[in-house]
Amino acid sequence: MLDVLTQKIHDEARQGEAYAPFINDPTQYKKRFYIESYGCQMNFSDSEIVASILNGTGYGATRNYEEADLVFLNTCSIREKAEQTVRKRLTEFRKIKQARPGLLVGVLGCMAERLKSKFLEEEQLVDIVVGPDAYRSLPALIEEAEGGQKAVNVLLSREETYADISPVRLNSNGVSAFVSIMRGCNNMCTFCVVPFTRGRERSRDAASIIKECKDLFDRGYREVTLLGQNVDSYYFTPETGNGEPGNLSEAVTFARLLEEVAKISPLLRVRFSTSHPKDITDDVLHVMARHNNICKYIHLPVQSGSSRILQMMNRTYTREWYMAKIDRIREIIPGCGISSDIISGFCTETEEDHQDTLSLMEYSRYDLSYMFFYSERPGTLAQRRYKDDVPESVKKRRLQEVVDLQNRLSRESNERDLGKTFEVLIEGDSKKSGEDWMGRTSQNKVIVFSKQGNTCQKGNYVHVQVTDCTKATLLGEVV
Ligand code: SAH
Ligand code: SF4
Ligand code: F3S
């Protein structure tokens with residue numbers, strides 16, 4: 001029984017968003033934890049902080065939950081489906097726990113924050129509930145839980161950035177790493193649960209970010225992605241932050257931070273995510289244009305192409321304003337890759353609004369989009385103010401039209417690259433074959449090319465000419 005379940009969980013972990021970390025040296029730790037992450041890169045990055053805290057308290061990471069004393073799910077609340085996935089997973093762990101009563105199960109992240117102690121009433125076999133700003137209290141909470149108590153800490157903080165904690169890289173390819181530069185979000189997009197689950201925006205000490213990036217580079221990493229819900233509003237001063245400013249004594253804006261990280265080495269690629277269209281400045285665009293190692297790729301979620309819907313979403317820009325931003329990016333950074341997030345079927349969305357989204361996608365010529373239908377979230381402004389009145393069938397049909405258009409745009413974008421040569425950072429073997437390398441262009445496109453006839457290694461930069469493409473991947477050869 002357990003074996004079938006085990007297999008099922010492993011299979012799903014492989015297919016789905018979930019992943020299991022590498023194993024810490026088993027001789028070094030008496031106890032083991034297993035962690036699975038859901039949701040955005042921030043959550044995956046937080047799991048690496050959690051791993052570091054747990055290592056400090058005598059728990060080593062394992063990839064196999066069967067040998068774990070402690071199982072954590074780092075959860076996401078962004079859409080109802082994300083929460084359903086976690087609930088389903090918890091049911092599976094409940095069965096395992098029944099067979100192994102000593103096993104502790106903890107829920108971390110946004111769903112823990114949203115549901116707080118209600119979680120313990122709803123999911124009786126959960127022992128520990130910890131919100132995103134309370135991971136430092138994990139050792140104490142685990143101790144409580146080991147003593148048979150239910151342990152909860154969902155306090156949000158105005159200061160916590162975990163700046164001094166050196167993340168344990170889980171599931172890393174050894175080439176690229178995520179570096180968290182800020183936490184929380186002060187934007188109040190009406191559809192979004194993040195301001196409630198992650199709290200107020202705060203920026204991490206600039207010197208600690210640069211140090212982390214330098215350390216990564218020294219350990220052989222060749223790419224860092226600076227992470228935040230809204231990286232363009234990064235702002236650190238010794239007064240607004242709470243750490244030592246190091247040698248950066250003046251205020252540090254995102255443009256400045258980006259430049260400082262880029263200066264670590266021309267061999268270190270720098271990416272960032274996510275940009276809010278209202279906050280990305282010309283300064284940032286000029287810094288990007290100036291440094292070859294800052295990747296020419298911007299994720300600039302539009303959400304909708306209708307100014308009326310954008311206003312109801314409280315995105316604070318109009319369709320025309322967004323288009324001007326796209327023009328500006330293309331002017332300052334020719335050849336820049338641009339991607340987006342789109343929500344179909346937000347409250348009151350008409351067919352005309354939907355057409356506006358399609359035409360704006362066409363105008364922006366996105367290389368890639370993440371597309372969703374609107375999912376009402378309890379407690380958000382939209383849930384309190386508006387009726388979720390677009391029928392599900394209409395939401396889904398519109399979403400399909402958005403997906404179909406994006407598929408065409410992605411294909412066209414790839415076709416425009418045929419014959420061109422790109423500098424590629426090799427990340428490892430291609431998924432399909434050990435005979436091929438997989439890497440990324442500066443524009444963030446995946447490119448696959450043969451290992452034959454070259455002596456490339458993982459972490460090397462090579463020039464690759466695009467010879468063919470599929471909808472999602474470029475194919476090429478080393479030149
Ligand atoms: N901070 C980022 C996005 C964070 S959430 C930003 O501002 O762009 C990632 C994406 O999930 C959002 O861009 C949005 O497209 C989508 N999303 C958020 N809330 C949603 C909801 N209630 N229903 C459907 N999609 C949602
Ligand atoms: Fe949510 Fe808007 Fe903040 Fe992004 S910017 S996390 S969509 S509130
Ligand atoms: Fe999900 Fe929380 Fe990220 S709600 S998208 S895990 S910030």
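# Cavities, ligand shells and salt bridges in a predicted model

The second largest cavity is lined by S45, I49, T161, Y162, I165, P167, S180, R204 and E212. This structure is a predicted model, and the values below are computed from it. The volume of that second largest cavity is about 40 Å³. Sorted by class, its lining comprises four nonpolar, three polar and two charged residues; R204 and E212 are the charged pair in the list.

Two cavities in the structure reach 30 Å³ or more. The largest cavity holds about 50 Å³ of space, and its lining consists of L90, F93, R94, K97, V105, E123, Q124, L125 and V126. Helix α3 (residues 80-99) supplies the largest share of this lining, with four residues. Five of the lining residues of the largest cavity are nonpolar, one is polar and three are charged.

Open space is a separate matter. The second largest pocket encloses about 240 Å³. It has 15 lining residues, and G335, C336, D367, R416 and D417 are the ones that lie nearest its centre. The lining of the second largest pocket divides into three nonpolar, five polar and seven charged residues. Because both domain 2 (176-415) and domain 3 (421-478) contribute residues to this lining, the second largest pocket lies between these two domains.

The ligands come next. Around ligand 2 stand C185, N187, C189, F191, C192, V194, P195, Q229, H276 and R315. In this shell six residues are nonpolar, three are polar and one is charged. The charged residue in the shell of ligand 2 is R315, and C185, C189 and C192 are among those that count as nonpolar.

Ligand 3 is surrounded by C40, N43, C76, S77, I78, C110, V194, R198 and Q229. The split here is five nonpolar, three polar and one charged. V194 and Q229 occur in the shells of both ligand 2 and ligand 3. Domain 1 (2-153) and domain 2 (176-415) each provide at least three residues to the shell around ligand 3.

R198, from the shell around ligand 3, also leads into the salt bridges, of which the structure holds 40. Salt bridges with shared partners connect D46, D133, R183, R198 and R202 into one network. Within this network, D133 and R202 form a salt bridge in which the closest N and O atoms are 3.0 Å apart. This pair links distant parts of the chain: D133 sits in the loop between β5 (128-130) and α6, R202 sits in strand β9 (residues 202-203), and 69 residues separate them.

Are D133 and R202 buried or exposed? D133 has a relative accessible area of 7%, so it counts as buried. R202 also counts as buried, because its relative accessibility is 5%. The cut-off behind both assignments is a relative accessible area under 20%.

A second salt bridge joins the side chains of E146 and K31, with an N to O distance of 3.1 Å. Here too the pair links distant parts of the chain, since E146 belongs to helix α6 (residues 138-146) and K31 to strand β1 (residues 31-37), 115 residues apart. E146 is at 40% relative accessibility and therefore counts as partly exposed. K31, at 33%, is likewise partly exposed. The buried pair D133 and R202 thus contrasts with the partly exposed pair E146 and K31.

In the third salt bridge, the side chains of E427 and R440 meet at 2.9 Å, N to O. E427 lies in strand β17 (residues 421-429) and R440 in strand β18 (residues 436-441), with their positions 13 residues apart in the chain. Because its relative accessible area is 10%, E427 counts as buried.

One last residue, V175, is found in the loop between β6 (151-153) and β7 (176-180). With a relative accessible area of 2%, V175 is buried. Its C-alpha atom is separated by 9.0 Å from that of L216, although V175 and L216 are 41 residues apart along the chain.

How values were computed
Residues are numbered from 1 along each chain as its sequence is written. Chains are lettered from A and ligands numbered from 1 in the order in which they are written. This is a predicted model: local features need pLDDT of at least 70, side-chain atom pairs count only at pLDDT 80 or more; totals for chains, interfaces and linings use all residues. Side-chain values use heavy atoms; hydrogens and water are left out. A residue is near a molecule or strand if one of its heavy atoms lies within 4 Å of it. Domain bounds come from an automatic or database domain assignment. A salt bridge is a side-chain nitrogen of Lys or Arg within 4 Å of a carboxyl oxygen of Asp or Glu. Helices (H or I, at least four residues) and strands (E, at least two) are DSSP runs, numbered from the N terminus. Buried means under 20% relative accessible area, exposed over 50%, partly exposed in between (1.4 Å probe, protein chains only). On a 1 Å grid over the protein atoms alone, a cavity is a set of points where a 1.4 Å probe fits but cannot get out, and a pocket is an open set with protein on both sides within 12 Å along at least five of seven lines; lining residues have an atom within 4 Å of a point. Grid points are joined across faces, edges and corners, and a volume is the space filled by probe spheres set on the points.
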